[in-house]
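This report is meant for a reader who is seeing the structure for the first time. It starts with totals for the chain and then turns to single strands, loops and residues.

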Amino acid sequence: SLDLRASGLDARALVGTWVESPPPLASGVDAEVRLDIQGWDPDTLTGGGQAWLRGGAGPGWPVDGPVDLTLADRRVSFATSGLTVRTARVSAEGSFSFSKDLEMRYGLRLPELEGGRALLADAGVGLPALALGGALDVEGDVTGRLPDWQATARLAGEALSVEDVDAGLEGSLVVSRAGIGIESLVVQGADGQMTARGFVPLSDEGAWDVEGEIAELRLTDALERHGVAVATTARGTLGVSGPGTDPTAAFELEARAEPERGPPAPRHREGDDETAEEKRARPEAATLRLVGSASRRGVIVDELTAQLGGGVAEGSGAWGRDGGTLEGRVRLADVRLARLPWVPGPEVLQDLEATVHGLAELTGRASAPEGRLELQLTGMRHLEEALPDLDLEAELDGVEARLAGRLGGEPVLSGNVAFDETFPLHLDVELAALPLTQVLQQALPGARRE
């Protein structure tokens with residue numbers, strides 16, 4: 001018999017002797033093995049022992065825990081149920097032959113989905129700052145003659161949450177050196193359903209071919225998390241295609257926002273009918289349609305159409321990542337603030353009634369745009385007080401934006417905003433033209449006329 005001991009071996013380097021692209025392991029390996037051999041014939045070699053993986057501080061996955069080893073019939077068998085990788089727990093059982101044939105079954109449990117952020121970061125993949133919750137289980141097998149191999153992965157999570165969007169997950173993947181085959185991926189639960197299938201390449205020579213569909217997705221809780229209290233659902237399709245190093249994602253999305261249904265206005269008694277004007281001023285649902293594509297070169301919006309506040313918003317454009325080039329046009333027409341399902345800003349705006357028209361035409365670079373901005377608010381009222389119409393304009397020449405505003409036809413604002421200065425704003429406001437008296441009389445009860 002022969003007793004062998006090893007200490008401080010590099011796990012990634014060991015795996016790298018058998019596969020071309022080893023996983024990002026950041027662990028040392030200690031081992032104790034006893035071998036028995038008859039006549040120095042490899043076919044009679046038997047033995048057993050244990051290896052310990054100890055997570056290190058370097059880049060990669062810090063794997064910790066013991067692995068039991070058995071040697072017989074020119075094959076090393078291994079088994080472990082106590083490996084940990086940060087918050088994840090891993091079990092594995094399989095064997096590896098002298099001819100490099102690998103057979104392995106594995107399981108991974110992530111008790112908190114938030115823990116996946118650190119695991120992806122260890123592999124060099126960053127996630128946006130999203131709120132994640134729920135537990136995820138992954139199990140599958142790995143087979144093949146190294147360096148060629150193939151793995152399966154079955155994903156399951158009954159109660160996952162991303163930005164307060166709650167749903168379960170079931171998926172089936174096939175992974176190889178070439179890429180990840182998505183046989184099925186279904187996200188379904190109280191907040192909607194999404195599906196995906198296709199292929200994600202892991203080499204530059206491969207090609208993307210992924211199709212996804214959002215049957216319906218409830219975004220209400222996610223928006224409320226960020227201060228937007230409006231009931232919203234979305235649906236649409238997403239497809240990713242193209243070379244491995246330069247894919248293009250094409251999207252077609254639709255969303256609908258419902259207004260909050262509050263109590264009837266105080267001036268109405270039970271059974272009273274609303275006037276036609278009051279019906280026109282009542283909040284109503286808004287819809288959005290967005291069609292375009294995105295790639296490493298930038299984003300293209302082929303169609304942006306929104307029906308909101310009894311009016312319409314239409315637009316299209318493009319943004320180039322190289323140099324931040326910009327070209328776009330957006331038009332607003334007949335949008336009534338009182339009919340929007342949600343109005344951002346301070347509380348005083350909630351009582352403002354107006355019809356909004358606008359136009360934005362921009363070219364150049366995002367940091368130094370050229371073009372024109374126009375905004376008109378007509379039929380303005382704050383509570384019961386009529387206010388004059390407001391017109392705002394801005395001319396942009398790539399160096400600065402020249403601002404002008406008129407209230408009831410009288411100049412009320414002028415100035416300029418420089419794009420490359422530390423203190424870029426210069427603004428003149430005609431206070432005499434502002435309807436301060438009317439606003440104060442409505443906002444401050446003691447200031448109202450008798």
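Of the 450 residues in the protein, 32% are buried. The model is a predicted one. Its accessible surface comes to about 26,400 Å², and carbon and sulfur atoms account for 55% of that area. The protein has five helices and 27 strands. Among contacts between residues at least 6 apart in sequence, 40% join residues at least 24 apart.

**Strands E7, E9 and E10**

Strand E9 covers residues 136-145 and runs antiparallel to strand E7, residues 101-110. The two are joined by 10 bridges; in one of these bridges Arg105 has Asp141 of E9 as its partner. E9 also pairs with strand E10, residues 150-162. That pairing is antiparallel as well and has five bridges, and within it Asp137 is bridged to Ala156 of E10. Strand E9 therefore has a pairing with E7 and another with E10, each with at least two bridges, the number needed for strands to count as paired.

E9 and E10 make up a hairpin, with four residues between the strands. The loop between E9 and E10 contains Pro147. The peptide bond that leads from Leu146 to Pro147 is cis, and its omega is near 15°.

**Two residues with positive phi**

Arg74 and Glu163 are both residues other than glycine with a positive phi, about 55° for Arg74 and near 55° for Glu163. Arg74 lies in the loop between strand E4 (63-72) and strand E5 (75-85). Glu163 lies in the loop that runs between E10 and strand E11 (165-176). Their burial classes are listed further down.

**An aromatic pair**

The structure holds one aromatic pair. Its members are Trp18 and Phe96, in an edge-to-face arrangement with 4.9 Å from centre to centre and 75° between the planes. The pair links distant parts of the chain, as the two residues are 78 residues apart. Trp18 sits in the loop between helix H1 (11-16) and strand E2 (27-36), and Phe96 belongs to strand E6, residues 88-97.

**A nonpolar patch**

Leu120, Val125 and Leu127 make a nonpolar surface patch of about 220 Å². Leu127 is placed in the loop between helix H2 (116-122) and strand E8 (132-133).

**Gln376 in strand E22**

Strand E22 spans residues 368-382 and includes Gln376. Neighbours within four places in sequence aside, Gln376 is in contact with Thr355, Val356, His357, Gly358, Leu390 and Asp391. Gln376 counts as buried because its relative accessibility is 19%, and the limit for that class is under 20%.

**Burial of the residues described**

The table gives the relative accessible area and class of each residue.

| Residue | Relative accessible area | Class |
|---|---|---|
| Glu163 | 11% | buried |
| Phe96 | 16% | buried |
| Gln376 | 19% | buried |
| Trp18 | 37% | partly exposed |
| Arg74 | 37% | partly exposed |
| Leu127 | 40% | partly exposed |

In the aromatic pair, Phe96 is buried, whereas Trp18 is partly exposed. Of the residues with positive phi, Glu163 is buried at 11%, while Arg74 is partly exposed at 37%. Leu127, in the nonpolar patch, is partly exposed because its relative accessibility is 40%.

Note on methods: Residues are numbered from 1 along each chain as its sequence is written. This is a predicted model: local features need pLDDT of at least 70, side-chain atom pairs count only at pLDDT 80 or more; totals for chains, interfaces and linings use all residues. Side-chain values use heavy atoms; hydrogens and water are left out. Buried means under 20% relative accessible area, exposed over 50%, partly exposed in between (1.4 Å probe, protein chains only). Contact means heavy atoms within 4.5 Å. Accessible areas come from the Shrake-Rupley method with a 1.4 Å probe; for residues, only the protein chains shown count as cover. Rings of Phe, Tyr and Trp (its six-membered ring) pair if their centres lie within 6.5 Å; planes under 30 degrees apart count as stacked, over 60 as edge-to-face and the rest as tilted. Patches are made of residues with over 30% relative accessible area and no salt bridge: like charges are joined within 9 Å, nonpolar side chains (Val, Leu, Ile, Met, Phe, Trp, Tyr) within 5 Å. A salt bridge is a side-chain nitrogen of Lys or Arg within 4 Å of a carboxyl oxygen of Asp or Glu.
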